[in-house]
Amino acid sequence: MTSKYLKVSHPASNVWQITLTSPPDNRLTPELLSEFSQALDQVELEWRKVGGGKFNPKEREKYEGKGAGALIITSDNEKFFSNGLDWERSLKIKNFFEEIFDPLTWRLLTFPLLTIAAINGHAFAGGMILALSCDYRIITSGKGFLCMNELQFGSPLPNSFNALLSKRIPNPQHHRNTLLARRWTQKELSQIGLVDEVVDSDKVISRAVEVGKRDGGKVAAGAWGAIKRGAYHQVLDYSQSYRKLNLPPQEEQEFFDRVGKSQSKAKL
């Protein structure tokens, strides 16, 4: 399957790959997210047709891969895995995160196949969340920062982002530094456990395929998605809270509403 914003391929038996192909930096627009959701359905359907998820092991034995399944998420861009959202556009869409972005990342976070982010470029903001929604992360030794840079352009973090970051980054100092828009290098990411491996740029995808072939059999019985739904339910709960998020002008207004309008005109 090849569409406008991505392509689905099958690099090895029981290993699938979704490659983002949206220049110049793989922005996670509503159109790309829609195609991504369709691609996930296609991959799961193909996996189930080759024995994936069959509860009876004797049923799985009929198939070559015995129901094994792994999915690689990567990019065809040499610089960016994904540069995140089209922020200004997302602000114009009511409930963009709760009803457009979060359903896709929740689907990926609880996907029944083993998921591997082959991070072959920078992953910023929503792009970092996309990578963190996978089970494994393999990153290039070349250009490959991970950064939640919302602070730099004045955006609060969506409810779902906060829940996932708290889950993935339990260390208080590392979590704080992430919220402060630190650009994590590959060495640092490996040290704090946010990536599993750092490999040469030309080996990111091939290594992801090796991991998929090695560990994909663990999910054959079909329980992996349900296990992850239990582990990460807080992410969905946070998303569906529809808790209000303030942009800086709203924060300012709330402050002066609280201290009194006269204070906003007072000379310091």
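Helix H4 (96-109) gives the most to the lining of the largest cavity, with four residues (helices being DSSP runs of H or I with at least four residues, strands runs of E with at least two, both numbered from the N terminus). The model is a predicted one, so to speak of local features takes a pLDDT of at least 70 and side-chain atom pairs count only at pLDDT 80 or more, while totals for chains, interfaces and linings use all residues. Residues are numbered from 1 along each chain as its sequence is written, and side-chain values rest on heavy atoms, with hydrogens and water left out.

Back to the cavity. Helix H6 (159-168) is the other element that, along with H4, gives two or more residues to this lining. The full set of lining residues is Asp-102, Thr-105, Trp-106, Leu-109, Ile-129, Ser-133, Ser-160, Phe-161, Leu-164 and Val-235. Here a cavity is a set of points, on a 1 Å grid over the protein atoms alone, where a 1.4 Å probe fits but cannot get out, and lining residues have an atom within 4 Å of a point. Six of the lining residues are nonpolar, three polar and one charged (Ala, Val, Leu, Ile, Met, Phe, Trp, Tyr, Cys and Pro count as nonpolar, Asp, Glu, Lys and Arg as charged, and the others, Gly among them, as polar). The space inside comes to about 50 Å³, a volume being what is filled by probe spheres set on grid points that are joined across faces, edges and corners. In total, three cavities reach 30 Å³ or more.

H4 turns up again in the salt bridges, of which there are 16 (a side-chain nitrogen of Lys or Arg within 4 Å of a carboxyl oxygen of Asp or Glu). Arg-107 pairs with Asp-41, with the closest N and O atoms 2.8 Å apart. That pair links H4 to helix H1 (residues 30-49), across 66 residues of the chain. Arg-107 also forms a salt bridge with Glu-44, at 2.9 Å between the closest N and O atoms. Arg-107 lies in H4 and Glu-44 in H1, so this second pair ties together parts 63 residues apart in sequence. As for burial (buried is under 20% relative accessible area, exposed over 50%, partly exposed in between, with a 1.4 Å probe and protein chains only), Glu-44 is buried at 15%. Arg-107 is partly exposed at 21%, and Asp-41 is partly exposed at 43%. Elsewhere, Lys-203 and Asp-202 meet in a salt bridge with an N to O distance of 3.7 Å. Shared partners join Asp-41, Glu-44, Arg-48 and Arg-107 into one network.

The largest nonpolar core (buried Ala, Val, Leu, Ile, Met, Phe, Trp, Tyr and Cys residues joined through side-chain atoms within 4.5 Å) has 51 residues, and Ile-18, Phe-36 and Phe-101 have the most contacts inside it. Among the elements supplying at least two residues each are H1, H4 and H6, along with strand S1 (6-12) and strand S2 (15-20). Beyond its neighbours within four places in sequence, Ile-18 touches residues including Leu-6, Val-8, Phe-36, Leu-40 and Ile-73, contact being heavy atoms within 4.5 Å. A separate core of 15 residues includes Val-15, Ala-70, Tyr-136 and Val-211.

The backbone has a few quirks too. Pro-23 and Pro-24 are joined by a cis peptide bond, with omega about 5°. Asn-14, in the loop between S1 and S2, has a positive phi of about 65° although it is not a glycine.

Definitions and conventions. On a 1 Å grid over the protein atoms alone, a cavity is a set of points where a 1.4 Å probe fits but cannot get out, and a pocket is an open set with protein on both sides within 12 Å along at least five of seven lines; lining residues have an atom within 4 Å of a point.
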